Amino acid sequence: MNAGLPFGWRVSTALPARGRLQQFRLQDRVAFRCTRCDREKTSRLVCVVAGNWSSLLCNGCYGLLSKEQASSSAPLAAQALASAAPTQVPASVGVARGSRADQLRKNIVELAKLLRIRAEEGEHRLAKADLKALTALADENEIVVALRYAELLAKGDALVAQVEFDHRSHHRFARVAGILAAERGVALQRLHKRYAKRLAAVRAASEAPDHLDAMVMQHVGGEAFRQALAAVLQQRGLRPGALDVPASGYWAWLADSRLDPAYAEGALPPPVRELRRMDAQAFLRVLHADAYGTRPNGFLGHPAVVERWHAQSGRVYSHLRAARDQSAAEFETSGGVRAGARPDRLQADVKAVARAGARRTMSGLMLKELQLRAVRLHRTLPMQRLRAECLTEAAAQLARADPKLGALVASACADHRARCAKVNDPHPCATCVQDVAGRVRQHRTPQRVEKLPTPEATLEAKVDQAIAELRQQVAGPVSTAADNPTAFVCPAARERLAPETPAELAVVETHTVPDTPRFGYAWVTEAGEMHTGVGAAANPQDASVQAVCRAALEIGENQPRVHLVSRDPEAVAYVQLVLRTGTVPPDPGFSLSDDTVELLVDVASFRQHISVHADLCLRPHRGAETAGYLAALALSAGEGRGAKGRLRVELDMIARNLGRGVGYEPTSPDEESDHAWWLSAQENGPSRPHELAWRTALYRMHIAGGWCALPEPRAGESWQEGRLRLRIDHEETRRPSVGEVQEVTVRRRGGQWELADIRWPRGLAPGVILTFRRRPGASMIKARTALLPQPEQVDGVEFLHRYDAQVVTRESAPGFDQDREVPDLSDASWVLRALRKLGYLSVDGTATLVEEALVRNCLALGLPRHRASRIGSAVDQLLRSGRIQRVQGSLDGSGRPWYPPQADRHRISLLRYVPRVEAVEARRATPTEWHPHRRGFKVPGHLRRLPPGAKASEERIEAFKEAARSFQIVERELPDTHTYVGPHEKKR
């Protein structure tokens, strides 16, 4: 009865069996995972299903199954393997017994609500029981699924707010979605580490009989041994590969092992068998109905179906996301809320996408559990005995065919056992096989070794050969980086690309820190697109492989084919091997992390669309140099939204300095959620290494509301809600200025940290940058503005202090001075407002918008529909006056406009607003003009309300009509309650 008992477990008492279930009391407490509820347990009491110690139940599941045994129609072992009630998204809200954590574990929707409240309003809005439950669930699968569900719902709410023209809610929901995505990434890392520990524990707790001779023969026998082993498996009725855990098809492998009847097809519940027999289209219909919640199917989580579920869930998620985006576009073009419509269909699609995305995450996690179950069965004593018997029979056949080899292996193994201390281990001499096989190869002729290569040697030879081929390809007369420093990639690497196939060319680089797993990566396309990120890897080669895979998948979302270039030949050779074979070979000569293996599997499924090449020039070309710098910047930027904003600014500045050849990514209105960023160590200065320093660009809402954004805390730092003191030194002259000390409040609102209750100094204009400094633990914050070397005017607005050009473009758009939701503007001003409010911004404040989308964006901002036909003439007027430009640009795969246009992209007409920046000559202050900026300025024509009973003169009415004909103001009749004030110059 104790056959297959895990190593180190000792049975104290065997309790009476109930059908196929039997409980055992052990001498010591052990940690195991229940195969029914799929939870980690620690107990002395365990239940074994059908005498198989790889199928264990906890005491609670044993009690439930023993009560249902009499009335159950399905085999009890199948019930033990299936989840009793797989977690549904969304789940029905009901009264659940047990702790609060158990309730949330069974109700993903409620768990997602709590996580969203925590991200949006802070932990103080949650009850203590909820906080305790979230802490208890932090390392479980349910927390990741709920975070994904909450994240996709927040993204969907942001999309609904966007088509309803609720920009404030849109930015708030988008910020919450970013916070939830970051939390999900951290939770996934914890789960991966936990999974690796469980996998290592399963492998360490197993035992196997001594079959060193057979394992050595497997290493040195080559093709002859593989043929003998195939014959042995065929005689036993087993499939090839039945002795080792496969890379996919885990349930089929478990069923083929025949070690547990619970894995047989007949033991499965009827709904599971029906799902397995469905064709592809019927199975997709089941997944769609499950995503929309019309027919939720809990049996999708059964281990026999979960692999197929996970393989198809990505397709369903992509289809539903496209349907959601189509619903949003149709709702927006139909007039939306302005036409009295309700986004009911869009909201239903949003929920379906959230459910499908969460279910996809769930299927991935359950697939890893199925993989762990396969490894656990593989490590049981019956499976190890079967493996040893088959290998021993194959080795005996080979020894009979080649007696000399058999005698050599037997002699080497006997000598090793006589002096090895691992002969009594649970897996006797399992780690010594390579050494013994190496000694056997030394005693054989070189010709014989070449005829019988080992699998590992074969793989290493393939990788070495691939690297040698790469080096040979660039060994000829190739122009190096020194000869052509401005080349984007190595000319030899470019020649190896297929010119007849249109594809995106990108260079991938990584930056690692010795003795740490973290690395930064970046890819830069020749068209000018860039992306950065950070990750964890086992070694530099693993980091390069992971970066290449991420670049391939990220670029491949919008491009039909991708050419990637890297300077790591080992990583390139291994990825090329994966692309050629469509599989992930083990032991590439360096360690691979679990994340890398998962990415390689995804890349292998798209291998027809990806090619990878090596650049082995001594010095990096321009693309590699740029990508390497960005990778180092990404690694040093740290974590949090503040760091993300700082990295975005740095990306813009780098691209600006590198020139038009690389280009930089313009910023859309949806990406302007970071108003504060941390200063780098170089900007902070070497004299203040421990001082916290950050910068904020003021928006009009900051000045009016008396608050500003704080950057998200970096690793090891945190903000605490409460009262602090603030001193703002606002320099209006070159003389030092010290402001008064005031009390302010640190708060968290809408998922963002803020500094509130601020009394801003007079004269602060939107766009001005303030630098804040605070010593760790101190209650005083010092803020300071910085004077420009020379005052500047931006489209007539004068600035004495350093400013953010992007913020100035947005905040000083026409209509900013009107206190109304829809401003009263001329047609030309509506064009400028749309460009400056909704255009894509570059770092210098230039705004770009697709010309054919101009009218739609004007309507989104409130332009009356009857005036839409006049926008074309207003554009012509602005073009003639030089206020805007019409240029030929291009659109990338995400719909983002680029100027200059990207190579090999469709040309499209763009409208560009370029700020007019003029230097202002500073003058010495006089008694009548005490400040440099107190000088005359021009006032445009405008309307002025008259006192009650007053009327405009005929002269003013005629001047108004003349101004209307010249498009200086809105063309209409002068209201009776107003008069017209013509353009004039005002003196101060």
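**Nonpolar cores and an enclosed cavity**

In this predicted model, the largest nonpolar core comprises 103 residues, and those with the most contacts inside it are I143 and V216. The element that gives the most to this core is helix α13, which spans residues 344–378 and supplies 14 residues. When neighbours within four places in sequence are left aside, the residues in contact with I143 are L111, L115, L134, L137, A138 and A187. Apart from the largest core lies another core, made up of 31 residues, with W523, V562, A571 and A604 among them.

Helix α6, which covers residues 141–163, contains Y149. Because its relative accessibility is 7%, below the 20% limit, Y149 counts as buried. Although Y149 and V353 are separated by 204 residues in sequence, their C-alpha atoms lie 8.9 Å apart in space.

A search of the whole structure for enclosed space returned five cavities of 30 Å³ or more, of which the second largest has a volume of about 90 Å³. The lining of the second largest cavity consists of N141, L191, H192, R194, Y195, R198, L365, K368 and E369, and the elements that give two or more residues to this lining are α7 (167–204) and α13. Helix α7 accounts for the largest share of the lining, with five residues. By residue class, the lining of the second largest cavity divides into four charged, three nonpolar and two polar residues.

Technical notes. Residues numbered from 1 in each chain as written. Predicted model: local features only at pLDDT ≥ 70, side-chain atom pairs only at ≥ 80, totals over all residues. Heavy atoms only, no water. Core = buried A, V, L, I, M, F, W, Y, C linked by side-chain atoms within 4.5 Å. Buried < 20%, exposed > 50% of the residue type's maximum accessible area, 1.4 Å probe, protein only. Helix = DSSP H or I, 4+ residues; strand = E, 2+ residues; numbered from the N terminus. Contact = heavy atoms within 4.5 Å. 1 Å grid on protein atoms, 1.4 Å probe; cavity = no way out; pocket = protein on both sides within 12 Å on 5 of 7 lines; lining within 4 Å. Points joined across faces, edges and corners; volume = space filled by probe spheres on them. Nonpolar A, V, L, I, M, F, W, Y, C, P; charged D, E, K, R; others polar.
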